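Hi everyone, thanks for making time this morning. I'd like to walk you through one structure, so please have the viewer open and follow along.

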Amino acid sequence: MIAKPASTRIEAAVVTPEQRERFAPALNRVAGDVELLVSIAALVSEDAPEVFTSLQSQLSKRALSEVAALGHQLKGMLSTFETDGPVIILQELIHSARAGDQAEAERVLRRCNKELGDLIDEIKRLGDSSPS
Amino acid sequence: MPHVLVIDDDRAIHLLAQRSLSPIADVAVASTADEGISLLRRNSFDAVLLDIMLPDRNGLAMYCEIRDHDRRLPVIFMTVEATSQTAIEAMQMGAFDYLAKPLAVDSLRDLVEKAIEQRQISSIPVAISADSRVTGNTGELFIGRSKAMLEVFKAIGRVSKQDVPVLIRGESGTGKELVARALFQHSHRAAEPFLAVNCAALPDNLLESELFGHEKGAFTGAESRRIGKFEQCNGGTLFLDEIGDMAPSVQAKVLRVLQEQRFERVGGNNELTTNVRIVAATNRPLEQMVEDGDYREDLLYRLNGVTIELPPLRERQGDVELLLQHFLSQAKRELKKPDLEGVSPETVELLTAYHWPGNVRQLRAVIRRCVLDSTMPVIVPDVLPKEIIGGRQRESSTMVESVLSPRESNSGAQLPNLVDRLLREKSTNVYAEAVEYVERYVLLKVLSETHGNQSQAAELLGITRGKLRDRIATYQIVLNSGVSIRDDA
């Protein structure tokens, strides 16, 4: 009757001490539930690269309202794991896209492009932290 | 189990909400506004978590559609932009609250719990009856045929449609919230919001912000503008529970709203107007507090233009049997005990003779516990809690001393023993008694530290002096060269 989200529960997730430290604030937000964080990472690492690629593509097509919406979507996905650095810069990208400032939006994306890619990779590695 | 709908295009949010809320609710999810509306039309929900930006609609448009469908359904906005103007506008239109992303499990669960409670408060009908044999009643029944309760019912009927503040007074567990809900449901404002705030549950500065809102930067941690309950509830009814537990600064602002329907957000200069009916409740001696200088006399007179006094259950023992019948049939249905036939005459006699310090709430809890524990078709005295079988007539606040010496009770170390004993005795008041034990210990400890200085103690405890004095009286704490509990307490 009521649709349920797909089950993505990962049993006995194994994360490295470095990952625990890197994502300590995120782990704190999920009340220390490592399995939940790893499950979310697995979903975000599937969805975020596609959104990031679309964002880059829409920016090159000067479709700024799409860029603002995709930036918003990407910020929501990534902020579960990181609230500083590239995620803050994403907000600048959203503002400039909403303001219709193509040049500023391109400049901001260039500034955070690599960091966003690195963050998505880190989330992917966290999402892969299942025993097998 | 309550039902919660999450509308967000992020699958990770679906997963987070489902896993976080699974202990308190069944969670359904939708990725678009259209899917969400479709689910809302086909199912009944108790709260909605709504993303501010959806692929097919913006959050505000979606919120309007939800309101058109069900005005009383609490909607919590989720936004990755904490200062989102849309979220503020939604709050001004009556949305329940908003959460900033990234979501934190604990705050998400707390807020959804509050929303579900709000849904129950504002939507479950309160029927008033002098007879428990009301068939087909799916809401809550306000029962009593004693003279005192008939007066309460008449007062509700008299004042519900008048747009005046009402003060509800009575001991804990007598049903003050039910009166507030009945007043709201029978008022001209029944289609508008009904919000409840427990003034004792929040520290003074947070209470002020909760009621009046705040501007960005008004205090440390005020990262964005927040809409308060007076603004959010415009056109509706605001239930201020425990109105006696309010700092003087908040009292002054509430008085101004009562007099002029005007206020400012904390840290703001703009004067805002609101049209809110206030229903307040307390079990505190407000007149005494006025004499002691802890409560504003002008606020008291504004509040108690109409007062409804709820009698304690011990003063309407004729109603116990009526309430017993009602709670029994309710528990039988809800706890799935179709074979239960009733209660033995001896059990009825004991229940009627008991003094019920926790009032109707305690009676209901005892009946449910008996229904759960009973393996026979008839409830016999054996399944009753010990305090009822023993016919003890002492107040619950002194029960700890009945088994523990004052020295032991003051040490704080006996809490596990107390809880074990209460569980053994099948008490239905474990939480209240454990909290009382801890509260008394904390008060004695802090008062000892300050050598009985109440101002310093109140400051350390983070409560008002009035509240501290009230607790000192409740626990019969004697302040002399040392600090102690009266021996005969």
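I'll go through the chain contact, then two sheets in chain B, and finish with a pair of helices.

One thing to keep in mind as we go: this is a predicted model.

Let's begin where the two chains meet. How many residues does each chain bring to the contact? Chain A supplies 23 residues and chain B supplies 20 residues. If you colour the side of chain A that touches chain B, look for α3 (34-60) and α4 (64-78) of chain A, the elements that give two or more residues to that side. As for its make-up, that side of chain A has 12 nonpolar residues, eight polar ones and three charged ones.

Now please hide chain A, and we'll stay with chain B. Here is an open sheet built from five strands, and reading across it you get β2-β1-β3-β4-β5. The pairing in this sheet is parallel. Which strands sit at the edges? They are β2 (26-30) and β5 (97-100) of chain B, each of which pairs on one side only. Going from one strand to the next, the twist averages 20°.

Let's zoom in on one pair from that sheet. Strand β1 of chain B, residues 3-7, and strand β3 of chain B, residues 47-51, are joined in the parallel sense over four bridges. To find the register, click on Val4(B): its bridge partner in β3(B) is Ala47(B). While you're there, notice helix α3 of chain B, residues 59-69, which lies across β3 and β4 (75-79) of chain B. That helix runs at about 160° to β3(B).

Next comes another open sheet of chain B, again with five strands and parallel pairing. Its order is β9-β12-β15-β8-β16. In this one the edge strands are β9 (194-198) and β16 of chain B, each pairing on one side only. The twist averages 20° from one strand to the next here.

I'd like to spend a moment on β8(B), residues 166-169. Which way do its side chains go, and are they buried or exposed? Val166(B) and Ile168(B) point one way, Leu167(B) and Arg169(B) point the other way, and all of them are buried. On the charged one, Arg169(B), the bridge partner in β16(B) is Glu309(B). β8(B) and strand β16, residues 306-309 of chain B, pair in the parallel sense over four bridges. β8(B) also runs parallel to strand β15, residues 277-282 of chain B, with four bridges joining them. In that pairing, Ile168(B) stands opposite Ala281(B).

Moving along the sheet, β15(B) pairs with strand β12 of chain B, residues 237-241, in the parallel sense over four bridges. There, Leu238(B) has Ile278(B) of β15(B) as its bridge partner.

Last stop: two helices of chain B. These are α13, residues 320-334, and α14, residues 345-353. Their axes come within 10 Å and cross at roughly 120°, so α13(B) and α14(B) are oblique to each other. What is the handedness of the crossing of α13(B) and α14(B)? It is right-handed. From α13(B), the contact uses Val320(B), Glu321(B) and Leu324(B), and from α14(B) it uses Val348(B), Leu351(B) and Thr352(B). By type, the residues of this contact divide into four nonpolar, one polar and one charged.

That's my tour, and I'm happy to go back to any of these views.

Terms used. Residues are numbered from 1 along each chain as its sequence is written. Chains are lettered from A and ligands numbered from 1 in the order in which they are written. This is a predicted model: local features need pLDDT of at least 70, side-chain atom pairs count only at pLDDT 80 or more; totals for chains, interfaces and linings use all residues. Two residues are in contact if their C-beta atoms, placed from the backbone, lie within 7 Å. Axes are lines fitted to C-alpha atoms, for helices over the stretch in contact, and angles run from 0 to 180 degrees between N-to-C directions. Angles under 35 degrees count as roughly parallel, over 145 as roughly antiparallel, 65 to 115 as roughly perpendicular and the rest as oblique. A crossing is left-handed if the near helix is turned anticlockwise from the far one by less than a right angle, and right-handed if clockwise. Two strands pair if DSSP finds at least two bridges between them. A residue is buried if 20 or more other C-beta atoms lie within 10 Å of its own, exposed if 12 or fewer, and partly exposed in between; C-beta atoms are placed from the backbone.
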